[in-house]
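Dear colleague,

Please find below the sequence and structure that I am handing over to you. My findings follow directly after them.

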Amino acid sequence: MAASKKMNVNPDLAKERSKATFDVEQLTYALYLGKERTERKRYLEDLAVNDPVIKECKPWAFCSREEQYEMALKKHIHIAKQIKLLGFTDEWDQYFYTEAAACHENSPIGLHSSMFLPTLRKQASEDQKKKFLPLAENMTIIGTYAQTELGHGTFIRGLETTATYDSKTQEFILHSPSLTSMKYWPGNLGKTVNFCIIMAQLYTKGKCHGIHTFLLPLRNLQTHQSLPGIELGDIGPKFGYGTNDNGYLRLNNVRIPRDYMLMRYSKVLEDGTYVKPPNSRLSYGSMTLIRAAIVGDSSRGLAQACTISIRYSAVRRQTEVYPGGPEAQIMDYQTQQYKLFPLLATAYAFHFTAQMVYGIYLQVTSQIEEGNLDQIGELHALSAGLKAFTSWECSLGIEVCRMACGGHGYSHASGLPKIYVDLTPGCTYEGENTVMMLQTARYLMKCFAKVENGEKLPGFVSYLNTDLSAKSCMKSDVALDCLVQAYEHRAARLVQVAARNIKRLVVEEGQSQQQAWNNTAQQLVWASRAHCHTYVVKAFVAMVTESNLDDQVLNVLTSLCKLYAVHGVMEHLGEFIQDGYLSTSQVEAVTGKLMALMKEIRHNAVALVDAFDYPDALLSSCLGRYDGNVYQALYDYAKSSPLNQKDAHCHTYVVKAFVAMVTESNLDDQVLNVLTSLCKLYAVHGVMEHLGEFIQDGYLSTSQVEAVTGKLMALMKEIRHNAVALVDAFDYPDALLSSCLGRYDGNVYQALYDYAKSSPLNQKDVLDSYEKYLKPMREQLPVDISESSTDTPFHRYIGTMQQLNNLCVELWVSKVKQDIIYAFIPNLFHCCKNPT
């Protein structure tokens, strides 16, 4: 929030800002890599939140599931158009604009840009890129990434979907051989996309070659109807992500051309000969990118939650500290500080870690493009571990922030539930966190084996060469270098313990390597967690020791960095003292430092969250408002509830429904009599409860009111005899759980499948929102692009398009002239199709 912003600010919040010991703007510039980029971010956010189309959208919290999906589709298609129209080519420009326009409203077309396009660019051959990328980039084809199945998720090698090559027709036959093999959970799959990149087991010449990626058309490009052999739909309501049509996909021997297998690295030749890739993990590039991105998502989600809870803690006063005294700001309570300030430090730590990890990702992928695969294992292990570590901490941290706001935190008015349900799936998607930690552990075990062989390790894992007999250098000042050494010692020791336990189980107890691994799994998770924790601490320390910030900003960041590291020591104290690395006196010094740092941070807490620079429209929080006018905002939010638009909202509908039931049903007389009495009681009671609304205009006379009153009393006496029998008739069974996963008979997958098919979004194969939003956005393609020949109307169409594009560039025509040329394309295509 720019310092020049003028508004009526809550006095407590204004006082907090006046006590800051540093320039908030300077820290904001440091977070967003400079003044120019910060001002650009603010410009984009202002542009987005003031867009008339965005402003007119119904608030997310007041939408039904179907409304959330349609609203998100409308928003994100509009956002995509604006990004193209305004020429935002920089990925951060696109991110800031989109985040401000639809914060934590997951995009129904988001996986097209985050997974589908990157996978095409990284995994497709040059010929495939020429054929498909232009169509994907202009969103003629809209895609997603279909990996997860009903019965398999993180265990990619266990996926059941098959792709069997038929050399006679030069086609792959894609099939779902079992109920559990259907794709289940991929985002945007249910109703939005018309293509997907699907992962399947490749079979050719009778041999399975493992998981490979294929392009699969799902829907007709003109009508959006699902194609033959393809059953797909929305999986139904979820814990969150109401804006996203997570879907299921079942295939019945669907044929695709040979060149629909992505063949940059691995290939299947015309006769079915398989050519394997130089490294089997090259196909995981898209997953690695997403996992690296989740680190940044976690930092931003936690930063937003901290902004809301810390501002509210400065405004909220609760309980007098001494009899007769004023109520204290809840942020003055040490327990509140211990809840929130370490999380604030964590948000900063994750922010700098995310920047570092993304830089490593770009560096390693650049090396991969040049054929250097040396660091791909390290990148995979790092992205997997940090994805798990940060998403776990973020999910837990947001919930702590919510509870720290008391009852108001439970309301959508706080903005916290929306953040939580958007971020907590990160613990599961793109690799379940425990499995991710074990993947990191596998890399650490390989590294430790090298240490055991006397090798010196390079880069970040060099700490595994640490002398574990050494003791801590920690003194009362709790220096950063001593904290780093403590974290390295802890991680190295836990890696050693896990590795040696595996060896002991194999050598001494005769267990297989797999048995020993499974029986050491929790120790391996502890080792991976410590490894990731060390990485985050070192990333934060590197930022504060190597940056060129002014002294005031550097001082407060150093305090935050120490708080993050010290809090981590206290939360996992046993792992630091188990081998005597920290002495009792050193633990006392660390404890004292923790308390001192919380007091130190207290003066700057509000300024530190202000530096995140989140505008009110993005936070969508009554509690986290920049001006601190919390209570008026809560009152206004309550009044805006759709239930308050009418005092007796839906009452008439319910009465009529009940009357229709008792007057139109074919029940036996005894049941009908008691239901009629209940129906009358419901209606009569409603009249008496809202009597003023029935007599205000003289609709009911005095005598009629007396008759209604008498009837009410008579009905209560009448129902008295049947009251217990009426509640017995509800007959609530164990199925009250309404759980597909907890069914007594254990038929989990069939229940999930049936649940998905029952989703309201699946009542039509093509939703009305397709005609309203998706279809107008897309350029029409009047042919089936599944034709594999290069001499087809489709290819002549594409050739015409390319020639016209080249002509436009050569002549430097104006936009108006381009529009005129493209208006003729349907006719040109018609000529291509009918040369005469």
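Helix axes are here lines fitted to C-alpha atoms over the stretch in contact, and the angles between them run from 0 to 180 degrees between N-to-C directions. Please note that the model is a predicted one.

Helix packing

On that basis, helix α10 (residues 334-369) and helix α19 (residues 584-602) have axes that come within 10 Å and cross at roughly 80°. Since angles of 65 to 115 degrees count as roughly perpendicular, α10 and α19 are therefore roughly perpendicular to each other. On the α10 side the contact involves Q334, Q337, Y338, F341 and L344, which meet L594, M595, M598, K599, I601 and R602 of α19. Sorted by class, this contact of α10 with α19 has 7 nonpolar, 2 polar and 2 charged residues.

A second crossing involves helix α13 (residues 433-452) and α14, whose axes come within 10 Å at an angle of roughly 85°. The helices α13 and α14 are therefore also roughly perpendicular to each other. From α13, the residues L444, M445, F448 and E452 meet V495, Q496, A498, A499, R500 and I502 in α14. The class division for the contact of α13 with α14 is 7 nonpolar, 1 polar and 2 charged.

One residue of that contact may be followed further. Q496 belongs to helix α14 (residues 480-507). When neighbours within four places in sequence are left aside, Q496 is in contact with F448 and L468. The C-alpha atoms of Q496 and T180 are separated by 39 Å, and these two residues are 316 residues apart along the chain.

The third pair is helix α2 (residues 24-31) with α3, which pack at an angle of about 90° with their axes 8 Å apart. This angle makes α2 roughly perpendicular to α3. The contact is formed by E25, T28 and Y29 from α2 together with K35, T38 and R42 from α3. By class, the contact of α2 with α3 has 1 nonpolar, 2 polar and 3 charged residues.

Salt bridges

How many salt bridges does a search of the whole structure find? The search gives 36. One salt bridge joins the side chains of R42 and D613, at 3.0 Å from N to O. R42 lies in helix α3 (residues 35-49) and D613 in the loop between α20 (605-610) and α21 (616-619), so the pair ties together parts that are 571 residues apart in sequence.

Domains and annotation

The chain is divided into domain 1 (18-102), domain 2 (110-277), domain 3 (288-634), domain 4 (671-731) and domain 5 (732-779). Taken over C-alpha atoms, the centres of domain 3 and domain 5 are separated by 37 Å.

From the record, an unreviewed UniProt entry, comes the annotation "domain: Acyl-coenzyme A oxidase N-terminal", which covers residues 23-142. Over residues 23-142 the chain is 71% helix and 0% strand. The end C-alpha atoms of this stretch are 45 Å apart.

With kind regards

How values were computed:
Residues numbered from 1 in each chain as written. Predicted model: local features only at pLDDT ≥ 70, side-chain atom pairs only at ≥ 80, totals over all residues. Heavy atoms only, no water. Helix = DSSP H or I, 4+ residues; strand = E, 2+ residues; numbered from the N terminus. Parallel < 35°, antiparallel > 145°, perpendicular 65-115°, else oblique. Contact = heavy atoms within 4.5 Å. Nonpolar A, V, L, I, M, F, W, Y, C, P; charged D, E, K, R; others polar. UniProt positions renumbered as here; feature names shortened; annotations may be inferred. Domains from an automatic or database assignment. Salt bridge = Lys/Arg side-chain N within 4 Å of Asp/Glu carboxyl O.
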